[in-house]
Each structure stands twice: as C-alpha cells, then as structure tokens.
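The following exercises are to be worked with the sequence and the structure at hand. Each task is followed by a solution in steps.

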Amino acid sequence: MPRSYAKDFYIWRFFDQPVSDREADAAFYQLRSVNWKLIHRYAKRTKKPGFAMADRCYRIAADKLPVETPSCSAIAVTPYKFSKMTQAKRYALMQQLGDYPDLLRWMDVMADENPFFELVKSDNKIFFQVFNRCGRDWRSEYLNHALPPRLIERLSKEKEFSQTVKLIVTDNRLDNLQKSLLGVDPEKLDHQTTFFLAMNALRHDHPHLATFYLANAYKKAWFRFDKDKVLFWLAQTEPEKDYLKALSNSFDLNIYTLYAHEKLKTRWPRTATPSFKKKHCRYDISDPFSWLKVLDRIRGKKEDFLIDYSKHFACKNTEGHYAFIMERASHYRTHYFPIPYESAYEGLSIDDKALLLALARQESRFIPSSISPSYALGMMQIMPFLVKALAKERDEPYDLDAMFIPEKNIAYARTHLAYLERSLFHPLFIAYAYNGGIGFTKRLLTSRELFKKGEFEPWLSMELVYYDESRRYGKKVLANYIVYKKILGESIGVSEVVQTLTEPTRTDRFRNR
C-alpha cells in the first residue's frame with residue numbers, strides 16, 4: 001500500500017504485536033511520518049542501539065531528573081521540565097550536564113535570580129527556546145515585563161516570533177508583555193501574527209491601531225476564511241464603512257459570513273443536502289485505502305470529470321463521498337451538508353442531531369474510513385485511547401476496525417457526547433472539548449478569563465483561544481451547527497447563539513461551581 005497516514009496507523013498496530021526486530025525495522029522504513037506514538041512502540045521491538053534508551057529518556061518526568069546517566073538527562077530535559085524542578089535539582093542537573101554547553105546556555109538563563117534580565121541579553125535562539133517552551137506559569141511569574149523595542153525589532157525577523165506573540169496575546173496574565181507589543185511593525189509578520197496584534201490592540205482599547213493591523217492582516221491572508229475573519233473585525237472597528245457588505249459577498253460559508261447575512265438580511269451562500277433513493281454503491285466505505293484511491297483519482301481534475309465521477313457515489317451509504325467530490329467540483333461555491341446514515345441518529349433531539357452532524361462534517365466530511373495523522377478514526381474521528389475507554393463503558397470488545405463502520409462510530413461518539421454534555425451546554429464549548437479535551441476546555445473557561453461580558457465579547461474571546469486547532473475548529477463547528485439547525489427545521493440566529501457564551505448558567509457547569 002502507498003505511504004499514507006492510513007498505512008502508518010496499521011504499522012503502529014503492527015508494532016504492538018510480538019514481531020521480530022527485523023520485521024519492525026522493515027515496517028519502520030515504510031512510514032510516511034513519525035510521531036512519538038510510533039517511536040514508543042517501535043522502540044520496544046527494535047535492537048537498534050540507543051533507540052529504546054532515547055525513548056525511555058524522553059519520557060522521564062521533571063521530578064525524576066536528574067537521572068544517573070548524563071546523556072539520558074540531556075535527552076529528557078526541556079525548558080518546561082526545568083521550570084518544574086526545585087532549585088537544588090536544577091543545580092545538580094547543571095553540574096551533571098557540564099559537557100552539554102547548548103543546554104547550559106538556556107538553563108543558565110532560567111536558573112538566574114532575574115531570568116528576564118538574562119533573557120533579554122541572550123541571542124534569538126536562547127530567547128525563543130526559553131520563552132516559547134518554558135510553560136505558562138513560569139512565564140507569567142518571571143517574564144511578564146515589557147520587551148525593549150529593539151529586542152522586538154530583532155526577534156520579529158524570526159519565524160519563532162509568531163509563537164511568542166500568540167503566547168503573549170492569549171494569556172491574560174501577561175499584561176506588561178502585551179502592552180509592549182502595541183505598535184510593533186507588522187511588515188515582516190505573517191497574517192496570523194498580525195491578526196493577534198490587532199486583537200491585542202482591541203483588548204487594550206486601541207481601536208485605531210487594531211484597524212491598522214487588520215488592514216495589514218487582510219493583505220496577507222490567503223484563505224477565504226481568514227479574509228472573512230478580518231472583514232468581520234474591520235466592521236467592528238469601523239462600523240460606518242461597508243465591510244459587512246463586503247463580507248456578505250464572500251463565497252464562503254462560515255460564522256463571520258453567517259453573521260453578515262443575518263445583520264443585512266441577505267441570503268446565505270448556496271447550500272445543498274444530497275439525498276438518494278439507491279441504498280448502496282459498489283464501494284467499500286470501511287476501507288481506508290479505497291478512499292485514498294478516490295483522493296488520488298480526483299486530484300487536480302476539472303469540474304466536468306468530478307461531476308461525472310461523483311455519480312459513482314450517488315447512493316445513501318456514500319452521500320458524504322458524493323458531497324466531498326461535488327463541493328470540489330463547485331470550487332467550494334456550493335456548500336454541501338449531507339445527512340448520511342440516518343438510522344444512527346434515532347432518538348436524538350433536533351439540537352443534538354444538529355451538533356453531531358456539525359462535528360462529523362468538520363471531522364471527516366462524513367468519510368467513514370478517515371484516519372488522521374494522530375490516528376483519530378472514522379466519521380467522528382475518535383482516538384484509539386478513547387475507543388478503548390468507550391468500549392469499556394459500553395461493555396463491548398475493544399475493536400479499532402469497528403470504528404470504520406459509520407453506525408458504530410456514531411454510537412461511540414454519542415456516548416462520548418453524552419459525557420461532555422454533563423458539564424457543557426453550548427455547541428462551541430462542546431466542540432472545544434471534542435477537539436482539545438474536556439480538561440483543556442475547563443482550563444480555558446476557569447483560568448483564562450475568557451467569555452466574560454465586555455466590549456467586543458464574546459467574539460474577542462473566540463479569537464483568543466490559545467490552542468490553534470481548537471480555536472479554528474470551534475468556529476467552523478458552530479457555523480455547521482447553525483446551518484444544520486436550519487436544515488432540520490429549527491432555525492437559530494447567529495447573534496443569539498454567540499451571545500449566550502457570556503452567560504455561564506446557559507453554557508457550562510465549570511463556571512458555576
């Protein structure tokens with residue numbers, strides 16, 4: 001089979017079997033990409049010198065450092081782990097690692113009585129190693145001081161600066177650092193960094209500066225979603241201009257364009273919900289490699305070919321596949337919202353059904369054999385560790401292959417959503433938890449001081465979610481949810497569903513304890 005995430009997934013499972021080191025090595029060199037999940041399992045099977053040791057060392061916790069072997073301590077230590085160690089252990093570790101000057105350089109900075117003073121004197125590499133990797137608590141305790149303008153100018157030329165800006169802007173405790181970013185020259189910064197600078201300016205009551213950054217971010221945005229995001233915020237900072245109208249003319253369907261259409265009382269972009277009488281097409285929906293062949297077949301093809309090829313999937317069991325191909329054929333000007341595998345939603349309320357469909361559309365576009373780079377599986381993209389936990393809860397055997405059966409995958413997702421909904425009542429927060437975990441969502445709501453009443457809220461909080469994937473994911477699921485609510489006959493307004501985010505009694509239990 002071709003190198004792919006699907007093949008990597010099966011190799012990962014292969015390493016969990018009692019295979020020989022030669023077989024393990026042969027499989028390892030067929031991988032498309034390597035992650036720590038694979039390395040951990042491979043390390044148990046190979047006899048390559050140092051491989052198993054490196055894996056064991058990497059996994060050593062902060063409270064176990066230093067260990068007896070200096071080379072192992074060198075592999076294990078990171079700025080985050082170092083920040084969690086006692087002063088005595090830090091000193092012992094630094095004594096042990098005298099032959100590792102590159103490590104000692106950043107450890108010297110963190111171990112100093114005034115680490116911020118040492119950090120601003122260091123070179124760019126040390127600055128980013130410490131600042132971007134030290135951990136939120138240590139950063140807020142020791143580094144929340146204004147950055148000198150000349151240092152910012154120097155750092156802004158490096159690609160790592162984008163992560164620095166995000167860490168500063170999305171942490172409410174770093175007010176002094178945030179103020180030092182007001183007025184940063186965005187010329188050499190990417191779209192996302194410039195956009196964060198705009199949000200930072202709004203948070204500190206500088207709307208004109210925010211407008212300047214937003215105009216710059218719009219020029220740099222590549223994806224239509226990002227352009228629409230900027231237009232939305234320009235409409236907030238300069239409501240007298242025609243930004244909402246420009247936003248309503250976008251071909252994309254997202255939370256920002258839905259808002260513009262609602263305010264202007266104009267029609268949404270074109271949507272479609274395919275429905276076929278024929279039950280089954282001659283296609284194995286549960287085979288990940290069959291889907292890879294489809295993707296390869298449609299890659300780079302023009303509209304006429306795609307429309308003709310989509311007819312192979314004009315059946316109830318492949319409505320998701322059909323929608324995927326036809327959306328591409330329309331150049332994403334028609335937005336497909338299929339409702340495949342109807343029997344799997346029996347017993348759900350319209351609201352729960354809309355949420356489940358919204359998640360599925362974002363997770364996999366309703367492709368039952370989907371496998372992500374992290375091995376999330378099936379239509380609802382359920383991680384293997386969660387499959388195991390849900391199987392136990394449902395008193396069923398642990399079977400990863402069953403996750404490629406859409407009805408089974410949806411059933412597991414329903415069990416998981418029932419758990420999430422014990423603490424979360426709003427589709428956006430449930431989406432955050434589904435993507436980033438309920439622990440992440442709890443921390444987001446209780447320690448980040450987001451989604452409180454205030455100017456530009458709760459939209460501003462939606463832009464300040466610190467985990468990139470969940471921030472984007474949540475907004476896309478929320479838009480899907482609003483569309484599916486309308487399709488299912490229970491329309492809900494964008495403003496209505498967004499505004500409740502600042503009302504804890506209507507959104508979650510975490511803020512009501």
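**Exercise 1. A residue at the surface**

Methionine 53 counts as partly exposed because its relative accessibility is 32%; buried means under 20% relative accessible area, exposed over 50%, and partly exposed in between (1.4 Å probe, protein chains only). The model is predicted, so local features need pLDDT of at least 70 and side-chain atom pairs count only at pLDDT 80 or more, while totals for chains, interfaces and linings use all residues. Residues are numbered from 1 along each chain as its sequence is written, and side-chain values use heavy atoms, with hydrogens and water left out.

Task: State in which helix methionine 53 lies, and which residues make the nonpolar surface patch of about 340 Å².

Solution.
Step 1. Methionine 53 belongs to helix α4, residues 51-58. Helices (H or I, at least four residues) and strands (E, at least two) are DSSP runs, numbered from the N terminus.
Step 2. The patch is made by Trp36, Met53, Tyr58 and Ile75. Patches consist of residues with over 30% relative accessible area and no salt bridge, like charges being joined within 9 Å and nonpolar side chains (Val, Leu, Ile, Met, Phe, Trp, Tyr) within 5 Å. Accessible areas come from the Shrake-Rupley method with a 1.4 Å probe, and for residues only the protein chains shown count as cover.

**Exercise 2. The two sides of a helix**

Task: Determine which residues of helix α24 are buried and which are exposed, and what the buried residues pack against.

Solution.
Step 1. In α24 (residues 384-393), the buried residues are Pro384, Leu386, Val387, Leu390 and Ala391. They lie on the same side of α24 because they cover an arc of only 150° around the axis, the arc being that of the directions from the helix axis to the C-beta atoms.
Step 2. Phe385, Lys388 and Lys392 are exposed on the other side of α24.
Step 3. The buried residues of α24 pack against α1 (5-14) and α25 (406-420), where contact means heavy atoms within 4.5 Å.
Step 4. Within α1, the residues Ala6, Lys7, Asp8, Phe9, Ile11 and Trp12 are buried. Their cover includes α2 (21-28), α3 (36-45), α20 (288-298) and α24.
Step 5. After α24 comes aspartate 395, with a positive phi near 60°.

**Exercise 3. The nonpolar core**

Task: Identify the residues that touch the most other members of the largest nonpolar core, and list the contacts of tryptophan 233 beyond four places in sequence.

Solution.
Step 1. A nonpolar core is a set of buried Ala, Val, Leu, Ile, Met, Phe, Trp, Tyr and Cys residues joined through side-chain atoms within 4.5 Å.
Step 2. The largest such core has 165 residues, of which Phe82, Trp233, Met380, Ile382, Phe451 and Trp459 touch the most other members. Helix α29 (residues 468-487) contributes the largest share of this core, 8 residues.
Step 3. With neighbours within four places in sequence left aside, tryptophan 233 contacts Phe195, Met199, Leu202, Leu214, Phe456, Trp459, Leu460 and Glu463.
Step 4. Lysine 485 also lies in α29 and, at 5% relative accessibility, counts as buried. Leaving aside neighbours within four places in sequence, lysine 485 is in contact with Asp351, Ala354, Glu490, Ser491 and Ile492.

**Exercise 4. Salt bridges**

Task: Locate the partners of the salt bridge between aspartate 137 and arginine 173, and state whether aspartate 226 is buried or exposed.

Solution.
Step 1. A salt bridge is a side-chain nitrogen of Lys or Arg within 4 Å of a carboxyl oxygen of Asp or Glu. By this rule there are 25 salt bridges.
Step 2. Aspartate 137 and arginine 173 meet at 3.0 Å, N to O. The pair links distant parts of the chain, 36 residues apart: aspartate 137 is in helix α11 (residues 136-142), and arginine 173 is in the loop between α13 (161-169) and α14 (175-180).
Step 3. Aspartate 137 is partly exposed at 43% relative accessibility, as is arginine 173 at 31%. A network of salt bridges links Arg136, Asp137, Asp171 and Arg173.
Step 4. Aspartate 226 is buried, with a relative accessible area of 6%. Its salt bridge with lysine 229 has the closest N and O atoms 3.4 Å apart, and lysine 229 is buried at 3%. About one helical turn separates the two, because they are 3 residues apart in helix α17 (residues 224-237).
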